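Visitor: Please show me the structure, and I will ask how its descriptions are justified.

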Amino acid sequence: MKEIEDYIIESTYSFTSSDGLEINRRIGMIVHNLFTCRRGFAGNVVEIGAGLGNTTIHFLKTACSYNKKVIVIDPFEDFDAGVFGGYLYDEFLTTIESEVESKQECLILYREPSQEKGMKNKLIEHLPIAFAFVDGIQDTVENVLSDLVLMAELDTKVICVDDVNSNNPKRKKIVSSAVFEFIKNHPYNMVENINPKAHIREAYIIKE
Ligand SMILES: C[S@@+](CC[C@H](N)C(=O)[O-])C[C@H]1O[C@@H](n2cnc3c(N)ncnc32)[C@H](O)[C@@H]1O
C-alpha cells in the first residue's frame, strides 16, 4: 500500500491541464486514495465553498461508499453576490442530485460563511475529519488563513487549498501567502514535487 503523498504526486501526472473539471476529478480521486492508503485516514470530508458542486459530487461518490460524511459550508446566494460570487444553491443541488438521492444522510450542509461564529462547534460534531477542500472566500490572506486554522484546530489530516498556483496573479499571491504563513506556525507539510510539467492549481498540506 502507498502513502497518500505518493498518490497525490502520481495523480497529478494523470492530468495535464488546469481545467476546473480536471481539478474536480483529481481531488475526488485523491480523497478515494486517502481512505485506501497505508495510513488509512478514516474520517469525514469538509468542503469550504462548494460553488456549483462539481467537486462535491466526487466527494459524495467516494465518501458515501466508505460511510463517511461530506460537510459542505457555503452561503451560496444568501449573502452579497458581489462578495460571495453569486453561486446559486439550486444549481449546486442540480449538480449533486443524482448522488444525494440515494445517500441523503451522507451530505451535511451549512449555508453560512466559514467564518461564522460557532462554525467550529458545528464541525466538532463531525470529527474526525480526514480531508478538507478550502475553496471559499479568497479575497484576503486573513480569510484564507482563518479557514486553514479552523481546519487545523479540528485536526484535519489533509487540507487541499485551491488557487495556490492560480492563473490570476493577485489571487495566487493572497492564497500562497496564507498557505506559507500557515505552514510556518502549524505542524503541517506541503506535498512537494508535484508534476512540474502540468499546471497544478491546488496545493496539498498534510498533518505531520
Ligand atoms: C469557486 S466556488 C467553489 C468551487 C468548488 N469548490 C469546485 O471545486 O467546484 C467558491 C464558493 O465559495 C463560496 N464562499 C464564498 N465565501 C465563503 C465563505 N466565507 N465560506 C464558505 N463559502 C464561501 C461561494 O459562495 C462559492 O460558492
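Guide: The answers below set values against definitions.

Guide: This is a predicted model, in which local features need pLDDT of at least 70 and side-chain atom pairs count only at pLDDT 80 or more, while totals for chains, interfaces and linings use all residues. Residues are numbered from 1 along each chain as its sequence is written.

Visitor: Why are α3 and α5 called roughly parallel to each other?

Guide: The axes of α3 (residues 56-65) and α5 (residues 89-100) cross at roughly 10 degrees and come within 9 Å. Axes are lines fitted to C-alpha atoms, for helices over the stretch in contact, and angles run from 0 to 180 degrees between N-to-C directions. Angles under 35 degrees count as roughly parallel, over 145 as roughly antiparallel, 65 to 115 as roughly perpendicular and the rest as oblique. The two helices are therefore roughly parallel. Helices here are DSSP runs of H or I with at least four residues, strands are runs of E with at least two, and both are numbered from the N terminus.

Visitor: Which residues make the contact of α3 with α5?

Guide: Thr56, Ile57, Leu60 and Lys61 of α3 meet Thr95, Ile96, Glu99 and Val100 of α5; two residues are in contact if their C-beta atoms, placed from the backbone, lie within 7 Å.

Visitor: What makes α7 and α8 oblique to each other?

Guide: Helix α7 (residues 141-153) packs against α8 at an angle of about 45 degrees, the axes being 8 Å apart. That angle falls in none of the named ranges, so α7 and α8 are oblique. Their contact includes Leu145 and Leu148 of α7, and Ile174 and Phe182 of α8. By class, this contact has 9 nonpolar residues, 1 polar and 1 charged. Ala, Val, Leu, Ile, Met, Phe, Trp, Tyr, Cys and Pro count as nonpolar, Asp, Glu, Lys and Arg as charged, and the others, Gly among them, as polar.

Visitor: How do you know which strands are the edge strands of the sheet?

Guide: The open sheet has 7 strands in the order β3-β2-β1-β4-β5-β7-β6, with mixed pairing. Strands β3 (107-110) and β6 (188-190) are the edges, as each pairs on one side only. Two strands pair if DSSP finds at least two bridges between them. For β6 and β7 (residues 203-207), there are 3 bridges, and these strands run antiparallel. Tyr188 stands opposite Lys207 in β7.

Visitor: What makes Phe76 and Pro128 worth pointing out?

Guide: Most residues other than glycine have a negative phi, and most peptide bonds are trans. Phe76, in the loop between β2 (70-73) and α4 (81-84), has a positive phi near 50 degrees. The peptide bond from Leu127 to Pro128 is cis, with omega near -5 degrees, and Pro128 lies in the loop between α6 (119-124) and β4 (129-134).
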